[in-house]
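Student: Could you take a close look at how the helices pack in this one? I'd like to see which side chains do the touching, and then how the rest ties in.

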Amino acid sequence: MHEKLFKDMAQSIIDGDNDVAEALASQSIELGIDPLEAINKGFVVGVTHVGDEFSCGNAFLPELVMAGEAMKVAISILEPELTRLGTKREVLGTVVIATVEGDIHDIGKTLVATMLATAGFEVHDMGVDVPIMDIVQKARDVDANLIGVSALLTTTMVKQRDVVEAVADMAFSEKVQVMVGGAPVTRAWMEEIGADGFSEDAIGAIAVAKELLGK
Ligand code: B1M
């Protein structure tokens, strides 16, 4: 129904055009389009295309950076709408979430954090490039039930294992579960490192978090 708009959204990211991305995100709100649909069918299609072109050598770092910036602009417009649409309910649990040390990709992690908050979790988003012990210490400080760790690089996903090990080494009064995610992360990887949960997207992360906490 909104195919043309979704196509233009993808193109705005491919062009790295912040102004157009911002205008299209606002337009989708005015049209009453589900913000998550706009993100997934529109903007993510563009950023995935740029990533694919980058891996084939047809696009270069500046294009990747510009696409990332335009993506952030679009999401910053849609995020308050995601939050507004989420109905307030009892707090389901406390989550500490971060992108691991050495990794500065924050778009997917922030989306997961927003969706968890929208679903009723108290979310402490520590940002990107966060040292493992800081994540685990924060979980202890806020009495978290769940730690969410995002990694977008094959070289940084190994840090997710360090989080699982650090949690096991640090005595928590209650069990703290670890959920992992990010483009290169798979269920097999989750099992290999002994994490408790995995989701390939932000919507799935809500279901996994609820299941892990028995909600
Ligand atoms: Co980078 N990058 N990047 N990048 N980048 C990738 C990841 C890459 C796959 C591109 C490619 O080559 N095709 C590649 C990794 C290759 C690999 O390791 N196998 C790559 C590379 C190589 C790099 C650099 C090393 C490039 C360089 O400098 N030579 C560099 C690394 C910097 C660093 O981190 N140290 C780099 C830098 C960047 C930018 C800064 C330019 C920019 C990030 C901007 C930002 O985040 N603020 C960027 C971008 C934009 C990408 C791509 C194109 C898009 C990532 C994105 O935002 N996707 C990406 C290619 C791709 O993934 N197709 C790429 C949209 C987002 C909504 O999806 O993040 O996957 P995603 O999150 C999803 C799910 O994964 C899941 O839910 C989210 C929502 O559905 N999810 C979770 C994520 N976290 C979760 C946590 C959970 C559960 C689910 O539980 C806790």
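Tutor: Here's a walk through the helix pairs, followed by the sheet and the metal. This is a predicted model, with pLDDT of at least 70 needed for local features and 80 or more for side-chain atom pairs, while totals for chains, interfaces and linings use all residues. Residues are numbered from 1 along each chain as its sequence is written, and side-chain values use heavy atoms, with hydrogens and water left out.

Let's start with α4 (residues 61-85) and its partner α2 (residues 18-30): their axes come within 9 Å and cross at roughly 25°. (Axes are lines fitted to C-alpha atoms, for helices over the stretch in contact, with angles from 0 to 180 degrees between N-to-C directions; helices are DSSP runs of H or I, at least four residues, and strands runs of E, at least two, numbered from the N terminus.) So α2 and α4 are roughly parallel (under 35 degrees; over 145 is roughly antiparallel, 65 to 115 roughly perpendicular, the rest oblique). The crossing is right-handed, with the near helix turned clockwise from the far one by less than a right angle (anticlockwise would be left-handed). On the α2 side the contact (heavy atoms within 4.5 Å) includes Ala21, Ala25 and Ile29, and α4 brings Val73, Ala74 and Ile77 among others. By class it's nine nonpolar, three polar and three charged residues (Ala, Val, Leu, Ile, Met, Phe, Trp, Tyr, Cys and Pro are nonpolar; Asp, Glu, Lys and Arg charged; the others, Gly among them, polar).

α4 also meets α3 (residues 35-56), with axes that come within 10 Å and cross at roughly 170°. That makes α3 roughly antiparallel to α4, and this crossing is left-handed. Among the residues meeting here are Phe43, Val47 and Phe54 of α3 and Leu64, Met71 and Leu82 of α4. The class count is 18 nonpolar, one polar and two charged residues. Ala74, Leu78 and Glu81 of α4 are listed in the contact with α2 and again in the one with α3.

Further along, α5 and α9 (residues 202-212) have axes that come within 9 Å and cross at roughly 50°, so this pair is oblique. Their crossing is right-handed. Leu111, Val112, Met115, Leu116 and Ala119 of α5 touch Ala202, Ile203, Ala205, Ile206 and Ala209 of α9, which comes to ten nonpolar, no polar and no charged residues.

Now the metal: the ligand's cobalt has a single protein donor, NE2 of His105, at 2.3 Å (donors are N, O and S atoms within 2.8 Å, or 3.2 Å for Na, K and Ca; water isn't among the atoms, so sites may look incomplete). His105 sits in the loop between β1 (94-99) and α5 (107-119).

β1 leads us to the sheet, which is open, with five strands in the order β2-β1-β3-β4-β5 and parallel pairing (at least two DSSP bridges between two strands). β2 (122-125) and β5 (197-198) are at the edges with one partner strand each, so each has one side without a neighbour in the sheet. β1 and β2 pair over four bridges, and Thr94 is the bridge partner of Glu122 in β2.
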